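Please look over the model shown here with attention to how its secondary-structure elements are arranged. The briefing is meant to be read alongside the coordinates.

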Amino acid sequence: MATTTLAKAADDEAVRHAARIEHVSKSFAGPAGAQLVLDDISLDVAPGEFVTLLGASGCGKSTLLNLVAGLDAPSSGGITTDGRPALMFQEHALFPWLTAGKNIELALRLRGVPKADRRARTEELLALVRLKGAYGKRVHELSGGMRQRVALARALAQDSRLLLMDEPFAALDAITRDVLHDELTRIWAETGVSVLFVTHNVREAVRLAQRVVLLSSRPGRVAREWTVDIPQPRRIEDAPVAELSVEITEVLRGEIRRHGQH
Amino acid sequence: MASTETSTGPTGGIAPGPAGAGDELAGVEAGLDALESTASGRPPLRRTLIDKVLPPVVAVALILVVWQALISFKVVDDPSKLPSPSAVWDEVHEAWLRGDLLGYIWTSVSRGLLGFLFALALGTPLGLLVARVKFVRAAIGPILSGLQSLPSVAWVPPAVIWLGLDNSMMYAVILLGAVPSIANGLVSGVDQVPPLFLRAGRTMGATGLKGTWHIVLPAALPGYVAGLKQGWAFSWRSLMAAEIIASFPDLGVGLGQLLENGRNASDMSMVFEAILLILVVGIAIDLLIFSPLERWVLRSRGLMVRS
């Protein structure tokens with residue numbers, strides 16, 4: 001997969017980025033006129049890169065993700081992505097009328113994978129998220145962590161070069177979340193997919209990402225960026241992770257304090 | 001990024017990194033899955049009998065006891081007002097021996113089910129149209145809801161005038177009774193589809209007709225099935241009204257005609273026989289077809305709480 005991306009990138013300028021966000025602003029009509037939610041955001045995600053978007057409430061991080069996913073259009077500026085991105089939500093969003101396996105097969109079917117290949121590909125994806133026996137399981141029979149892993153497999157079934165994740169582990173208990181961090185890091189390394197991961201959890205951002213982008217709130221602007229060069233696999237309680245988290249938290253709190261001053 | 005070069009495809013299953021780290025993670029994960037999964041299965045037969053079958057049997061027995069008591073203690077001492085349970089039973093038994101009983105039932109049930117199938121074929125596309133096309137909803141949505149509260153007996157006189165005394169009149173009355181219920185059920189089912197499913201579908205490429213087929217319709221199924229259930233109840237009621245009002249020898253004797261014949265002959269046992277049969281058949285169809293359908297839909301989605 002990595003090689004095809006590179007081959008394409010040679011003859012196509014746009015493909016050098018999994019996503020390119022250029023001067024994007026977004027406002028919504030509110031009771032007091034148009035309200036600016038995102039203000040002049042520029043951000044690139046390189047092929048195979050793992051970027052986390054970090055911010056407090058009101059920073060418009062979910063709005064930005066919706067724009068990148070193509071679910072909404074920016075008020076100004078442009079977004080180009082390398083193909084249609086896959087999107088994972090905080091809620092698993094699995095269809096309860098289908099089994100875990102059929103949920104994945106639906107994504108394959110909508111992508112145009114021939115019927116004969118779907119079952120085998122689904123079993124591969126289930127093995128990738130370590131849920132080998134779960135093909136025939138109903139969604140309500142799975143635990144929260146298992147549901148998010150099926151949702152991840154379904155997102156990967158779209159075979160997108162960019163995976164958008166909107167606080168996918170926020171609703172899980174801490175133990176499960178910790179395990180899923182390890183899993184996501186492993187799967188990201190195995191598949192070479194680019195990830196744009198939204199969270200309000202500083203340690204989670206540092207634990208996962210190669211690059212952390214901090215957004216300010218109301219309106220959302222890129223406040224600062226950090227490159228994380230701590231080698232993977234990391235743990236959330238590693239000292240370098242904790243140190244960088246403290247530093248980022250200080251800046252984040254500074255950003256939040258500004259809103260209490262006027 | 002060095003890590004992509006180590007990619008061996010999804011079947012590898014072992015993380016790059018220190019040897020054994022992947023296996024250890026897999027073990028932790030398997031443990032978590034086992035801890036959090038709940039076993040689900042059907043309750044044993046004995047429980048079902050005690051919880052679900054016994055209570056209605058007791059209730060029916062109680063009603064029979066009270067009924068018999070009213071006769072035995074001469075509270076009501078006039079067989080033309082209240083026949084005894086045994087007299088009604090004899091009436092049913094005689095009809096069975098004459099070979100007429102199944103004929104009565106089949107005449108009505110075949111009409112009812114066929115009419116219901118017509119209503120299904122009409123109400124489903126109509127409901128979809130109202131749910132998905134804004135203009136159609138604004139135009140006929142309120143009329144469709146209003147029609148639900150119009151007793152379908154009201155349609156019998158015009159249906160007789162338009163179509164004459166034959167089976168097509170019966171079907172017309174069933175349609176007018178059941179189509180609004182089925183269409184409205186589908187509309188409310190579609191309205192209750194969580195927006196999250198629509199968003200998830202759209203990111204997967206399910207838009208337009210594909211979205212309707214793969215996401216909207218299956219997501220709306222619980223509301224649709226509730227509409228079908230109500231649609232059947234309305235079909236059956238409309239049909240009985242039509243059979244009672246428009247009884248005509250050439251139409252064959254259904255349960256409604258049986259009731260009307262009983263009234264004409266001032267035969268209270270026959271009237272009670274007809275009422276009981278109408279009730280029993282209505283309940284039986286619901287228990288045999290619609291309740292299992294509804295339970296299957298809800299259970300497969302984890303929407304049914306087992307008490």
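The notes below take up a sheet in one chain and a helix pair in another. This is a predicted model, and chain A contributes an open sheet of 6 strands with mixed pairing, while in chain B helix 6 and helix 7 cross in a right-handed manner.

**The sheet of chain A**

- The 6 strands of the open sheet in chain A follow the order 5-6-7-3-8-9, and their pairing is mixed.
- At the edges lie strand 5 (86-88) and strand 9 (222-227) of chain A, each of which pairs on one side only, and the twist from one strand to the next averages 15 degrees.
- Strand 3 (residues 50-54) and strand 8 (residues 211-215) of chain A are paired in the parallel sense over 4 bridges, and A:Leu53 has A:Val213 in strand 8 as its bridge partner.
- Helix 2 (residues 61-69) of chain A packs on this sheet, where it touches strand 3, strand 5, strand 6 (162-166), strand 7 (194-199) and strand 8, and its direction makes about 150 degrees with that of strand 6 of chain A.

**The helix pair of chain B**

- Helix 6 (residues 156-163) and helix 7 (residues 167-191) of chain B have axes that come within 9 Å and cross at roughly 140 degrees, which means that helix 6 of chain B is oblique to helix 7 of chain B.
- The crossing of these two helices of chain B is right-handed.
- From helix 6 of chain B, the residues B:Val156, B:Ala159, B:Val160 and B:Leu163 meet B:Ser168, B:Met169, B:Ala172 and B:Val173 of helix 7 of chain B, and by class this contact has 7 nonpolar residues, 1 polar residue and no charged residues.

Definitions and conventions: Residues are numbered from 1 along each chain as its sequence is written. Chains are lettered from A and ligands numbered from 1 in the order in which they are written. This is a predicted model: local features need pLDDT of at least 70, side-chain atom pairs count only at pLDDT 80 or more; totals for chains, interfaces and linings use all residues. Two strands pair if DSSP finds at least two bridges between them. Axes are lines fitted to C-alpha atoms, for helices over the stretch in contact, and angles run from 0 to 180 degrees between N-to-C directions. Two residues are in contact if their C-beta atoms, placed from the backbone, lie within 7 Å. Angles under 35 degrees count as roughly parallel, over 145 as roughly antiparallel, 65 to 115 as roughly perpendicular and the rest as oblique. A crossing is left-handed if the near helix is turned anticlockwise from the far one by less than a right angle, and right-handed if clockwise. Ala, Val, Leu, Ile, Met, Phe, Trp, Tyr, Cys and Pro count as nonpolar, Asp, Glu, Lys and Arg as charged, and the others, Gly among them, as polar.
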